[in-house]
Amino acid sequence: MKKRYRTIGMIFMKSLTGVLYLGAFLVLGFVVSPWKVWLADYLESVLAQQGFDNPSLTVDGVSGDTLSLSRITVGKLTLNDVNIHYEPEALWNGKLRGVVLDGLHVSVIQAADGWQVQGIALKPASTQDAAASPVSGIPMTQAALKALPFDTLDIAKSVLTLTGLGWDARMPFSLSLREGVTFTAQNIHFKYGKTSVNIPDFEISAQLKADDTGWEGQWRASNVALSSMPAFDMNGTLTLDLKGLALTGTAQAKDQSGMKGRFHMGYNFENALGTILVLDQMSMPWGGGVVSVKNVSVPVFGNKALTFPVRAAKVSIDDVMRLMTGEYVRATGTISGVLPVIVGRDGSVSLGSGALKADQKGQLSMPPEIIPGQGAQIELTRNILKNFEYEGFQVDVTQEAHDEISVLLALQGHNPDLYNGRAVHLNVRLGGDVLDFIRSNVMMIMQPETLLNQEQK
């Protein structure tokens, strides 16, 4: 089925171009007619014939080089003021010196068959338009940039509202287009399912590539807040062409956690649902060591659970055991290894199969009540672990079923207070409430579900 509507870029650029050409006509008409009301009525009728819903505007004035309009509404699209600057000779050729828009409010909605600017009922797109890129109306070459009906464009104090399939965003913004483009936005609010992102300050600065194949530039975002995650400062690079958008970036937490990372993403217009966010590296200090993930591919859309192989390097065993058991266990030494953290799209968190192993010898004190079971052998194990000096210490986590795991402590060492300090090998399986405690604490420390807690489709 052909797409019913034109692409976002085509809609915006063609709509703006149409308004500007009509504005140029209005300037010429005003020269020969003293009645601003008549001209406003005539312009409204022309806009209506072009497919704009219930257009309304006011002609404020015209001089030898400036046309001023105000209180413009087209359906749900509103605009406070438009100032069109021109030179009479260039005006005859349809070229304006500059356009200044103030207080533009535009709402764009994504339907199953395309995008639509509310208030603009454009005719169905041709087959060629239906297959075009969503940014096909945006100039991608120097020649296309120079062919615009204006030399400069400034948009101030404006708001863009986007409503996609399952997501929405509100973006107060300003834009300046000259040889390059500068886009700034404040207090952006984005929501996808249960995931909420707030960006107080965002900026893009881009220029056309030297080889005339699209745009390239830099972006930055300050104090990015994702639910209960710490706020981040981010920056990176971007490229935009008719095929898609590519981003690279770095992130640094603003709190004392030390969390930081690198990532990249490619958004292909022909396969938007296949968009992948790649976490090149994310790390944070914890327990005297470092926990990190590397080269993790995260499908942006979908409903499958995501697995993050979390690597621990020289992390305090005492902190790990507290994570698993609360304040009960005391231990010395450090531990390293990999434990997969599995995050469901509904926000559920569980552990996959993995292992952590002690980096050196140490001591361990485990209270009897944390070891489940009954019998002489269990009681003996409890007594030995009250004061245990280990030479080997390993935590094995096994994923046994959906959302179920077992945790096994493999210990080698002795208790100097029992059996003349004879060496023993112990396997201690943790279960019951301990597993729920582990799960809740993994959520508290990692909190990855705040990034990916999306509604299942």
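Two strands are said to pair if DSSP finds at least two bridges between them; strands themselves are DSSP runs (E, at least two residues), numbered from the N terminus. The model discussed here is predicted, with local features requiring pLDDT of at least 70 and side-chain atom pairs counted only at pLDDT 80 or more, while totals for chains, interfaces and linings use all residues. Residues are numbered from 1 along each chain as its sequence is written, and side-chain values use heavy atoms, with hydrogens and water left out.

By the pairing criterion, strand β12 is joined to strand β13 (residues 260-268) by nine bridges, and the two run antiparallel. Within this pairing, Thr248 has His264 of β13 as its bridge partner. The hairpin of β12 and β13 has six residues between the strands, and Gly258 takes a positive phi near 75° there.

Strand β12 (residues 244-253) also pairs with strand β11 (residues 232-240), in the antiparallel sense and over nine bridges. Gly236 is matched with Gly249 of β12 as its bridge partner. Three residues form the connection in the hairpin that joins β11 to β12.

Further along the chain, strand β14 (residues 276-286) runs antiparallel to strand β15 (residues 289-299), with ten bridges joining them. One of the bridge pairs links Ile276 to Pro299 in β15. Two residues lie between β14 and β15 in their hairpin, and Gly287 in the turn has a positive phi of about 60°.

Strand β15 pairs in turn with strand β16 (residues 306-316), again in the antiparallel sense, over three bridges. Here the bridge partner of Ser292 is Arg311 in β16. Six residues separate the strands in the hairpin of β15 and β16, where Gly302 has a positive phi near 135°. As background to these pairings, side chains in a regular strand alternate between the two faces of the sheet.

The description now turns to enclosed space. On a 1 Å grid over the protein atoms alone, a cavity is a set of points where a 1.4 Å probe fits but cannot get out, and its lining residues have an atom within 4 Å of a point. Grid points are joined across faces, edges and corners, and a volume is the space filled by probe spheres set on the points. The structure holds two cavities of 30 Å³ or more, and the second largest has a volume of about 30 Å³. Ile384, Asn415, Leu418, Tyr419, Arg422 and Val424 line this second largest cavity. Its lining comprises four nonpolar, one polar and one charged residues, where Ala, Val, Leu, Ile, Met, Phe, Trp, Tyr, Cys and Pro count as nonpolar, Asp, Glu, Lys and Arg as charged, and the others, Gly among them, as polar.

Technical notes:
1 Å grid on protein atoms, 1.4 Å probe; cavity = no way out; pocket = protein on both sides within 12 Å on 5 of 7 lines; lining within 4 Å. Helix = DSSP H or I, 4+ residues; strand = E, 2+ residues; numbered from the N terminus.
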